[in-house]
Every structure is written in structure tokens, then in C-alpha cells.
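Reader: I have just opened this one and could use some help finding my way around. Could we go through it together?

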Amino acid sequence: MTAILTPSIVDGSPTLAEHEARFGALPRIPPDRLLAMIEASGLTGRGGANFPAHRKLRALAARHGRKVVVGNGAEGEPTSAKDRTLLAANPHLVIDGLHLVGQMTGAQTRYLYAPEIPYAAAERGVHYVRSPRYFLAGEESALASRISGGPGLPTYKRPPIFDRGINGRPTLVHNVETLAHIALIARYGPDWFRSCESRLVTVTRSDGIPRVAQVPVGTRIGDLVGRGATEVLVGGYHGEWFPVSVAAGMPIRAGILAALGPDRCGLVETARVATYLADESARQCGPCLSALPLIAEALHRLARPGHQPGVRERLERWAGLVSGRGGCHHPDGSVRFVRSALRVFAPEIALHERGRCRARTFEPLLPVI
Amino acid sequence: MDPKLQWNPIACDGRGLCAELFAERIVLDDWGYPLVSDRPVPPELLRDARAAVAACPMFALKLNRR
């Protein structure tokens, strides 16, 4: 495992001169050759979907008109700190990537979307737009809405953003970490990238402090969660719980891990997060607005020791009614998270039915701000 | 190709006219919002489908040939 960075140990962002002294000046490479390098590198997006980066780039390059590219550092997920850490430690690398993406796609308009302005952005010719601190702030259509001057809530997905996005223009959105990798591939080449590909992962262990690690691809979940962890939440609040016995051998493909120990109850943690997810609904779609609070309340019931007849059945009914019926993936992701909790913490549900709970501390683990 | 119904959950306000006019393919959930079937609409049901689309006050329903 390699360097661990947290915002608290980042002294101050490097200047452009320091950045160029360390990495060299931004290379001038013809767009077609750059696209080929990105494809050869096999780079996948670091925003959670792991989609091949070159495919999105080529999709926008093929479109006509005045195009827009965005570096997404909104990071609305409370358990993730990698994007703000990267923007503090290496903003110029991200902006390099944004300019390279603009060149590859023919997009002259370049935005950086993040909760705090990296002052590096001011001197490099990108527009900065402050992202609000909502869970859904980083959702692609919400981002496009905000940058277009709207409320920053998800919008109906037709037409797709690469046809009509920001101000009606073809738009491409990349996570800021993806942009940083692009900036490195341009300098050192796809073979270098393949030989030492890494990803940023935020790990939260029993002390509740998120720490960001840069790890080689292929690192396993078990390498990061620490001894004593019994369950791990993989992929944040739209991700899934796994027993550590199952997940330890899995290679890391998501950028967020939160490890639970035997002294806490996963149902209590999940119920608290479910309330947060309900509160963070954009409140635009009836099923989401109606079902998520009910699901959260049902989870709070299951989180209390005592006999709870019918709660699981009602919860499953609401989950089935809301999944896939929102304007964005908030209900689907939330249901995936909740269902995984019901699977993995089935022993705790049984324990609660008998009036007991495994928790030895009331201190919450998973953050809801 | 038979067309399919396309539902915009953001525009939808749960008024329910669609379910009244096209009960074969639209029912309401526990909260009054439509569960819209994504099966292709055959010719004999097209009139009811078009009535549902036209009646929606929020323009949340469309019939798509693609």
C-alpha cells in the first residue's frame, strides 16, 4: 500500500511552477494521438461507474457544435474524500487533464465543479462553478442543471447530456481523478500507466476518520480494511455491504470503503444512513419522495431490539415499488444499499428479534454530513 | 415496431388520469403514481394509449415509436 494523504496533511497546493518542475510542462499532442493513448491505457472513469474513458471522449469528439467539458469534484458522498484531497494536493494535474479532454473533444468551454475553489483554477483558464453540498450534487444531470444556472437537481434524461447538456450544448463530465490520470498518461504514456495503474480510495475504519490512500490496481479490500473489521460497505451509500470474509479477497473497484467492527450494529448504521438518503432526495418524483422515508423508518424499527412483525415485508414492498421509478438513480442506489444490509445483517435482525443487540458503543460510524 | 409508453417521473404529479384511461397498461402505486408498462402497445390498444398521453396535465407521458 502506498502513500496515504488526508486533507489535514496537505500543506498547501503547489504553484504552477512547482507543478511543472515536478511533472514537466503539459505536452502538446495531437488530439487523435491523445485519444489513442487514452484508449491504449485502458483508463476507466473514477467517478464510480468505471466506464472506459476513451468511449465517452470519442462520443463527444464525434458531436458537432460548441461543446462543453466538466471536471466533477462535487463529491456529495459523505464517505468519500478523495476528490477534495486530490484538488488540494494536485489541482494543476486535474486542470491539465481538463484541458487535454477539451483538446481531444474539441470543447473550448471547460468547467471545474467543486465545493471549494482551488485557486489554481483562476490562473489556468477554466471556469469554476461552486457545487452545492448535497448528496446528489455530483449527479451528472444535476451538475449540468447547476452550471446552466438552474437549481442543481437531476433532470429528465432525454435527450442525453452528450447531445444536450449545459446550456443545451453537447457536454462531457469526468471525475477529477480521471482527469488527473489523463494528465499523467499524456506525459508518461499508456504503457507506463498500465504498468503501475493506481486508484484513490477513501477508507473509514472504526475511528470514523476518512483517510485517502493511493493504491495499485489489484489491491484487495482486505489489505485496507484493517484487522477486526467484520463487515465492509463498498462503494458508499449507493454501494453494498459485504462480510469481510467474503470481501477481503476482492480487488478494489470502487473508491470508497467503510469498515464495521463487532462493537457496532450494522442495522443501526444503515438506518441512520437511510434517513440521510431520504432527506437527500431531490423531491421531484413521487415514488422516491414517498418511499425512502418509509423505508428509513422501517429500518429504524429493525434497528431496535424487539419483535417487529411485518416490517421486512413492508420494507421489501416499498423497495420494489421505488426501484427504477425515479428521475435519477437515487432510489435504485438507496435500495441496493438497504437490501445488502438486510442480507448481510440478517444475523443481527434475528438477534434483535430476541431482544438483544451486538453493539457495545453508541458512537456513530458512518457520517451523514 | 409497436410503440412504447415513456413516463417522465420528474414531470409526473400523480394526478392519475393515465391509469383511468389506459387501465390495461397503467396502474397506480401506493402513493398514486403510475406504474407504466414498458411492453409494446399493440394496434388495438393504441387509442387508449393516445387518450392517456393526451389527458396528462403534466405532459409526463409519451408514446415512442423507437
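Author: We can take the aromatic rings and then a pair of helices, keeping in mind that this is a predicted model.

Reader: How many aromatic pairs are there over all chains?

Author: A search of the whole structure gives seven aromatic pairs. One of them joins A:Phe135 and A:Tyr276, which meet edge-to-face, with 5.8 Å centre to centre and 85° between the planes.

Reader: And where do A:Phe135 and A:Tyr276 lie in chain A?

Author: A:Phe135 is in the loop between strand 4 (127–130) and helix 6 (140–147), while A:Tyr276 belongs to helix 11 (residues 266–279), so this pair ties together parts of chain A that are 141 residues apart in sequence.

Reader: Are A:Phe135 and A:Tyr276 buried or exposed?

Author: Both A:Phe135 and A:Tyr276 are buried. A:Tyr276 also forms an edge-to-face pair with A:Tyr237, at 6.1 Å centre to centre and with 75° between the planes. Ring pairs link A:Phe135, A:Tyr237 and A:Tyr276 into a cluster with A:Trp241, A:Phe337 and A:Phe345.

Reader: Changing topic, at what angle do the axes of helix 3 and helix 5 of chain A cross?

Author: The axes of helix 3 (residues 53–61) and helix 5 (residues 91–105) of chain A cross at roughly 50° and come within 8 Å. The two helices of chain A, helix 3 and helix 5, are therefore oblique to each other.

Reader: Which residues make the contact?

Author: Helix 3 of chain A contributes A:Leu57, A:Leu60 and A:Ala61, and helix 5 of chain A contributes A:Val101, A:Met104 and A:Thr105. By class, this contact between helix 3 and helix 5 of chain A has five nonpolar residues, one polar and no charged ones.

How values were computed: Residues numbered from 1 in each chain as written. Chains lettered and ligands numbered in written order. Predicted model: local features only at pLDDT ≥ 70, side-chain atom pairs only at ≥ 80, totals over all residues. Heavy atoms only, no water. Phe/Tyr/Trp six-rings, centres within 6.5 Å; stacked < 30°, edge-to-face > 60°. Helix = DSSP H or I, 4+ residues; strand = E, 2+ residues; numbered from the N terminus. Buried < 20%, exposed > 50% of the residue type's maximum accessible area, 1.4 Å probe, protein only. Axes fitted to C-alpha atoms, helices over the stretch in contact; angles between N-to-C directions. Parallel < 35°, antiparallel > 145°, perpendicular 65-115°, else oblique. Contact = heavy atoms within 4.5 Å. Nonpolar A, V, L, I, M, F, W, Y, C, P; charged D, E, K, R; others polar.
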